[in-house]
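Good morning, and thank you for the opportunity to present. Please look at the structure on the screen while I guide you through several of its features.

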Amino acid sequence: MPEHTQEFGKFGARGIKGHEAVARRLDDLAGGIATPVTARRGLMARLRYLTRSEHARAAAREAGLTVTDRTLKAWLEGRRGPSRKNLERVDAAYRTVRRKNVARHLLGRLNARGGTRVELHPLNQSQVPRPHQRVLEFRTLNIRQWDRIVAAWAQGDEGALDAAWVDQIVDLGSQWGQYEYVSNVGFAA
């Protein structure tokens, strides 16, 4: 069985870790506010999402948004605006709370009907000199149990997400190491 890639990109290959591509796809499936937090509309939408109930406020505090209620009220009324650092905190808290809120729903959809078919698009070797290129093909894989992957994604635990992803791609057999880095991972729920 191959080991993890040690010197990715040494000969010019381009791609991202498979678990990062999975996290991006799960974020896309989770949906959310498309307007950036730097725009007033995006900020207000995120703040309303994070303050609509006491449960939402507690989740926002747990996710790292530790401003006072007075400051939140001033932001919502438009009397003051958050600093750049607080904008980043609002956005990070929103993503964390949104992930936790939709994780159970996504998990049900991904595990339904025996799992979900995943498409693995190989890494980009266009910059790799010809003698160092490998033959990599588009692969599909059916993942039946998404529990560990979705739980790690919802918690924002990148190490656990990587471990859960590798546990799934070892089903590719001896070729799984070729798909540790990919250009894209595609699936629907």
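Along strand β3, the side chains alternate between two faces. Arg139, Leu141 and Ile143 point to one face and are buried. Thr140 and Asn142, by contrast, point to the other face and are not buried. Please keep in mind that this is a predicted model.

Where does β3 sit in the sheet? β3, residues 139–143, is an edge strand, as is β1, residues 16–17, and each of them pairs on one side only. The sheet itself is open and consists of four strands in the order β1-β4-β2-β3, with antiparallel pairing.

Let us take the partner of β3. Strand β2, residues 116–122, runs antiparallel to β3, and five bridges join the two. Within this pairing, arginine 117 stands opposite asparagine 142 of β3. Asn142 has already appeared among the side chains of β3 that are not buried.

At the other edge, β1 pairs with strand β4, residues 181–186, over two bridges, again in the antiparallel sense. Here isoleucine 16 has valine 182 in β4 as its bridge partner.

I turn finally from the sheet to a helix. Arginine 99 lies in helix α5, which spans residues 84–111. Is arginine 99 buried or exposed? Its relative accessibility is 18%, and the cut-off for buried is under 20%, so arginine 99 counts as buried. Leaving aside residues up to four places away in sequence, arginine 99 touches Asp27, Trp153, Ala154 and Gly156.

Notes
Residues are numbered from 1 along each chain as its sequence is written. This is a predicted model: local features need pLDDT of at least 70, side-chain atom pairs count only at pLDDT 80 or more; totals for chains, interfaces and linings use all residues. Side-chain values use heavy atoms; hydrogens and water are left out. Two strands pair if DSSP finds at least two bridges between them. Buried means under 20% relative accessible area, exposed over 50%, partly exposed in between (1.4 Å probe, protein chains only). Contact means heavy atoms within 4.5 Å.
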